[in-house]
Amino acid sequence: GPGEKESIMISEYPECIDEYKNPEVEEGMEVIKKIVKSCRSLRASYQIKNKITTKFFVNTVNDEAVIKAQSDDIQTLGQASTVDVNPTAIPETVGIDVIDDQTTVYMDIKGLVDYEAEIKKLEKNLGKTLPSLQNLEKKMNAAGYEEKVDDELKNMNIEKMEGLKKKVADIQDAIENFKRLALLD
């Protein structure tokens, strides 16, 4: 066409045209990306095989229109059989991922998960994590710790302790969740 160079190598670098920018669309795509990521991480956390599609439910405060408009993309990229936005009812047999104060994603896992196996795996993980936490607590409560250990190390230990406590709490929550789901299945 007119004004075209014979090679992209010698073409001018494309310029950004401000009129073409659409912050609303960009913000909307951010929301969609977060939801797809959430769908994928839920599938991974319950080890759903690729060939199995799952039902997703999305509760959202402000982005219903955007999410509904892009639900086909979410379905494809999130390996969903359906994506239901702000549904009237959500089954009890769901895995939950809270994205932020605006949006939560639920995945129905009825009949898809071996709860006993998942609980065993989590208990094994808990069995490895608890001793680390106990050893760190012992170290931090030892005589002379306050005087001998420099602040940088103390702060690192506090951070590590908080991380381990959160991990233990998360694992315990997941075990409770699987026990609850096993009863519903």
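**View 1. Q79 sits partly exposed, with a relative accessible area of 26%.** Here, partly exposed falls between buried (under 20% relative accessible area) and exposed (over 50%), with a 1.4 Å probe and protein chains only. This is a predicted model: local features need pLDDT of at least 70, side-chain atom pairs count only at pLDDT 80 or more, and totals for chains, interfaces and linings use all residues. Residues are numbered from 1 along each chain as its sequence is written, and side-chain values use heavy atoms, with hydrogens and water left out. Look for Q79 in the loop between α3 (71–77) and β2 (80–85). Helices (H or I, at least four residues) and strands (E, at least two) are DSSP runs, numbered from the N terminus. Q79 is not a glycine, yet its phi is positive, about 55 degrees. Most residues other than glycine have a negative phi.

**View 2. N86 has a positive phi of about 45 degrees.** N86 is not a glycine either. Its place is the loop between β2 and β3 (94–98). N86 counts as partly exposed because its relative accessibility is 28%.

**View 3. K68 and E64 form a salt bridge within helix α2.** A salt bridge is a side-chain nitrogen of Lys or Arg within 4 Å of a carboxyl oxygen of Asp or Glu. The structure holds seven of them. Side chains of opposite charge can pair when their charged atoms come close. In this pair, the closest N and O atoms are 2.7 Å apart. Helix α2 covers residues 64–69, and the partners lie four residues apart, about one turn of the helix. How accessible is K68? K68 is partly exposed, at 46% relative accessibility. E64 is also partly exposed, at 30%.

**View 4. K166 pairs with D170 in helix α6.** This is a salt bridge, with the closest N and O atoms 2.7 Å apart. Helix α6 runs over residues 151–184. K166 and D170 are separated by about one helical turn because they are four residues apart in this helix. K166 is exposed, with a relative accessible area of 51%. D170 is partly exposed, at 38% relative accessibility.

**View 5. K154 forms a salt bridge with E146.** The closest N and O atoms of this pair are 3.4 Å apart. Is K154 buried or exposed? K154 counts as buried, since its relative accessibility is 13%.

**View 6. I8, M9 and I10 form a nonpolar patch on the surface.** Together they have about 410 Å² of accessible area. Accessible areas come from the Shrake-Rupley method with a 1.4 Å probe; for residues, only the protein chains shown count as cover. Patches are made of residues with over 30% relative accessible area and no salt bridge; like charges are joined within 9 Å, and nonpolar side chains (Val, Leu, Ile, Met, Phe, Trp, Tyr) within 5 Å. I8 belongs to the segment before α1 (23–45). I8 is exposed, with a relative accessible area of 74%.

**View 7. The largest pocket has a volume of about 370 Å³.** Of the 15 residues that line this pocket, S45, Y46, I96, D170 and A174 are the closest to its centre. The elements that give two or more residues to the lining are α1, β3, α4 (115–141) and α6. Which element gives the most to the lining? Helix α6 does, with five residues. The lining divides into eight nonpolar, three polar and four charged residues. Ala, Val, Leu, Ile, Met, Phe, Trp, Tyr, Cys and Pro count as nonpolar, Asp, Glu, Lys and Arg as charged, and the others, Gly among them, as polar. A pocket is an open set of points on a 1 Å grid over the protein atoms alone, where a 1.4 Å probe fits, with protein on both sides within 12 Å along at least five of seven lines; lining residues have an atom within 4 Å of a point. Grid points are joined across faces, edges and corners, and a volume is the space filled by probe spheres set on the points.

**View 8. L181 is a buried residue of helix α6.** Its relative accessibility is 0%. The C-alpha atoms of L181 and I109 are separated by 8.9 Å. Along the chain, these two are 72 residues apart.

**View 9. M140 lies in helix α4.** M140 is buried, with a relative accessible area of 17%. Its C-alpha atom and that of N22 are separated by 53 Å. The two residues are 118 apart along the chain.
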